[in-house]
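User: I am new to this structure and would like a close look at one part of it. Please take one small sheet, explain how its strands are put together, and then say how far the model can be trusted.

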Amino acid sequence: MNQVDTAFLRRLRARDERAWFELWEAFGPVVRGTLYRWGNGRLGEETLRDLTQDTLAALTDSIERFDPQRGVRFSTWLLSIAKHVLGDEMDRRYALKRGGGRRGASLDDSWMGQSREAQPDELYERRVMSAKVHAAIRAAQRRAEFVHFEAYRMRVLENRNGRDIGVQLGVSEPTVTRHCQRVREVLREELMVAIEQWSFTDDERAETDRAGLAADDAAFDEALGEVWRAQEEILALDLKAQMAAQAEAKAGANAEAKAAPRGRHPKDNA
Amino acid sequence: MSGGIEWTLAVLATIAASAAIVAAGLALGRLGVVAGLLGAHIGRCAKQFGAGIVGFIGGAVVALLLLPVALARLVVAKPATAREALASSGREAREALVALYTALVVAPLRLVGLGPVLGHVRTRLPAALGEGGSGGGTGGGGLRSSRADFEGYTVLRELARGGSGARLYVCEPDARTRVRIGLADGFVVIKSFDFDDGTHLAEMLRESRSLDAARKLGLVLDHESSERRFHYVMRFHEGIDLGKFARRLHEIAGPDGLDRERFLLVAALVRDIVATLRDWHAAGLWHKDIKPENAIVLDGRATLVDLGLVTPLASQMTLTTHGTEYFRDPEMVRQALRGARVSDVDAARFDVYGAGAVLHFVLEGTFPAHGVLSGFRKPSPECLRWIARRAMADFDHRYANADEMLRDLDRAIAGGDPGAVRPADLPSMRASQEEPLPGEGRAPDPALPAGRPALPPPPDARTLGRARFRVTNWWTGSYEMVSVRPLPASIPAQGRRGLGPPLAVLTAALVILGAVLAAWWWLKDASTGG
């Protein structure tokens with residue numbers, strides 16, 4: 001099946017803002033993490049957020065011109081756009097510094113080719129794969145009963161035993177198993193949707209098999225738990241970096257506002 | 001006989017001498033404390049003087065350096081950037097003068113105890129200058145613009161400006177205004193929107209929309225609008241924001257996370273926020289920007305502040321995506337992108353999400369960057385994690401309202417150990433617990449002994465007494481738990497620790513010693529004469 005024809009991409013082409021938000025929710029952290037690494041600490045929190053939005057907005061724009069015949073992976077495509085957006089930002093900054101008005105590079109179809117500059121590394125590919133799994137888990141969480149999902153989370157994602165979960169939830173162990181089974185079924189469906197939606201090549205689609213996510217229940221849980229925990233580690237590192245950047249920005253702002261009072265009062269975020 | 005008297009006098013003299021020595025020691029000790037305080041005061045003033053001088057030198061150097069830059073830009077025909085450089089130079093020069101004023105006027109006056117007078121002058125002088133000379137203009141030049149004049153209020157200081165462009169002033173109402181707005185003590189914050197300060201009409205309108213409802217709730221004490229300015233008055237809450245407070249607690253606790261008492265403390269603080277939300281929602285308002293920075297912690301209590309985004313639940317306006325990342329409900333963003341109106345959705349649940357995110361934050365010390373899927377990496381009580389997740393769950397699965405979340409929080413706190421409460425014990429769980437299949441009983445709780453008494457009935461959120469905490473040291477995060485008691489009508493004066501008592505004892509001891517010595521000398525003289 002050619003994924004460019006899927007309902008989701010049709011929604012993107014139709015400028016459905018909710019589809020854009022889903023894209024943001026799923027891949028925003030990946031793009032932000034990648035830009036952060038490229039920026040090597042020189043990009044502030046606000047800039048990172050802007051660039052991430054620009055990247056995903058550019059992806060939405062360019063979906064019109066996407067040619068599936070070129071056989072480009074979704075992950076590579078996303079990376080090329082991010083690289084392009086970052087390059088554009090650097091050009092703009094350089095131009096501003098010189099006091100000139102150099103125009104940013106235009107978005108063209110060169111992203112669809114294998115860029116020499118933006119070759120994805122193993123960490124990046126892992127992040128994209130994890131983001132797809134994460135999107136599936138989020139969708140499953142929305143569909144499943146809260147208690148069922150929490151039982152599955154404790155059992156598989158937090159690797160706890162059924163008896164302990166039963167005690168916490170006030171149910172028997174077989175009930176926990178039943179809850180987990182329900183969530184697993186939903187998860188399998190959502191995982192298929194997510195992978196199909198965000199994979200442009202057969203190689204990308206086969207990643208679920210390689211990650212063990214097409215196996216029987218026990219292996220599926222184990223593989224999912226592994227991907228989840230790996231993603232948690234990555235996200236925790238990203239979050240730490242973001243918090244450090246925010247703290248730095250706040251310290252700078254505080255230094256500017258020397259007349260800051262002892263007490264604190266609300267300020268707006270609008 | 002004479003020997004007996006002499007012996008008695010010797011004992012009295014010894015006692016008096018000992019008392020004199022002890023009293024002298026105490027007096028010297030207290031003198032040492034006074035000297036220490038005086039030294040610290042002198043040190044602070046010296047530091048202020050030094051900082052002022054350094055600031056003056058730095059500012060003056062930068063201001064002077066910027067002048068040739070401006071000139072050079074003018075020469076290469078870049079007048080816009082030259083103006084910028086000139087303006088920067090002016091700003092630096094102003095800063096340098098303020099620093100010099102601090103060093104030469106503020107620090108010496110503070111040294112001799114005239115600091116409070118300076119504050120008064122800073123408040124009054126600009127107003128006096130505005131009345132006298134500039135014809136009511138808004139021009140600068142004074143320490144504060146005349147736009148900061150509010151009838152019935154004395155401006156004490158200005159706070160950092162918010163994102164809406166409004167200015168925030170801490171003020172003291174005069175006696176008549178206090179009666180009018182019903183505020184017996186404490187200060188107020190005036191949030192002022194002024195077109196001349198760059199405020200936009202949209203921001204003014206947004207804030208004014210909820211004013212009536214906020215006033216009914218007692219959140220807004222007073223407000224006034226004129227052709228170019230609009231301001232409203234709120235109670236000022238001194239304290240530290242929950243974000244800083246929780247971060248500090250986690251810094252002290254280290255990677256192992258908080259201990260039982262601190263979990264209890266942070267849960268109680270979030271409980272305060274949720275209780276406030278329940279009241280606001282009942283009054284038809286939602287906050288829209290729940291985050292740790294919008295809760296002020298003082299004496300173990302959290303107070304929700306910031307009315308910037310408060311909106312009536314029945315508003316016909318279209319939802320907007322305003323709010324703060326990580327604490328803003330993704331569902332709200334989805335609905336806003338769909339173009340939903342506020343009244344079309346149960347917006348109170350967006351606040352519930354924010355409260356869950358705040359609970360996650362205080363338990364972990366980090367943002368819940370992935371909503372309900374955000375992990376807990378530090379140890380924390382299962383029931384509190386459960387409450388945070390339930391609040392952040394998908395819109396249809398989360399707590400139906402703040403009251404439901406509040407009852408769960410109350411249950412977690414009530415026993416004094418959230419770690420001992422299972423999710424299954426929470427009122428919301430017991431209400432929604434599925435019936436077991438035939439032949440499948442409920443799992444016994446191995447942690448509880450057989451024949452254990454039934455759990456107490458769900459506490460009534462409105463009447464539940466709870467432990468209160470008083471933070472005794474903000475720096476180390478230490479605090480003490482105090483029971484809830486009605487405040488006494490008057491607060492008894494604390495024991496004084498001045499120089500008076502030891503000096504009085506010393507004087508008395510010396511007088512007695514003198515009398516004893518005189519008596520002994522008289523007796524000795526009499527016996528020698530006889």
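Analyst: Ile296(B) stands opposite Thr303(B), a residue of strand β9(B). This pair belongs to a predicted model, and the two strands concerned, β8(B) and β9(B), are joined by four bridges and run antiparallel. Between β8(B) and β9(B) lie two residues, and the strands form a hairpin. In the turn of this hairpin, Asp299(B) has a positive phi of about 50°.

The hairpin is part of an open sheet of three strands in chain B, in the order β6-β8-β9, with antiparallel pairing. β6, residues 240-241, and β9, residues 301-304, stand at the edges of the sheet in chain B; each has a single partner strand, so one side of each is left without a neighbour in the sheet. In general, the strands of a sheet pair through backbone hydrogen bonds, in either a parallel or an antiparallel way.

On the other side of the hairpin strand, two bridges join β6(B) to β8(B), which covers residues 295-298, and these strands also run antiparallel. Here Ile240(B) has Val297(B) of β8(B) as its bridge partner. Helix α8 of chain B, residues 260-282, packs on the sheet and touches β8 and β9 of that chain. The direction of α8 makes about 35° with that of β9(B).

The two faces of β9(B) can be told apart by cover. Ala302(B) and Leu304(B) make up the covered face, while Arg301(B) and Thr303(B) make up the uncovered one. Thr303(B), on that uncovered face, is the residue opposite Ile296(B).

Next comes confidence. Chain B has a mean pLDDT of 77, and 76% of its residues reach 70 or more. Among the elements of chain B, helix α11 (residues 382-392) has the highest mean pLDDT, 96, and strand β12 (residues 478-482) the lowest, 47. Residues 126-146 of chain B have a pLDDT below 50; this stretch has 21 contacts in the model beyond near neighbours in sequence. Residues 434-469 of chain B are also below 50, and that stretch has 48 such contacts. The model as a whole scores ipTM 0.73 and pTM 0.63.

Chain A, for its part, has eleven helices and zero strands. Of its 270 residues, 37% count as buried. Among contacts in chain A between residues at least 6 apart in sequence, 71% join residues at least 24 apart.

Methods
Residues numbered from 1 in each chain as written. Chains lettered and ligands numbered in written order. Predicted model: local features only at pLDDT ≥ 70, side-chain atom pairs only at ≥ 80, totals over all residues. Pairing = 2+ DSSP bridges. Contact = placed C-beta atoms within 7 Å. Axes fitted to C-alpha atoms, helices over the stretch in contact; angles between N-to-C directions. Buried ≥ 20, exposed ≤ 12 C-beta atoms within 10 Å, placed from the backbone. pLDDT = per-residue confidence, 0-100.
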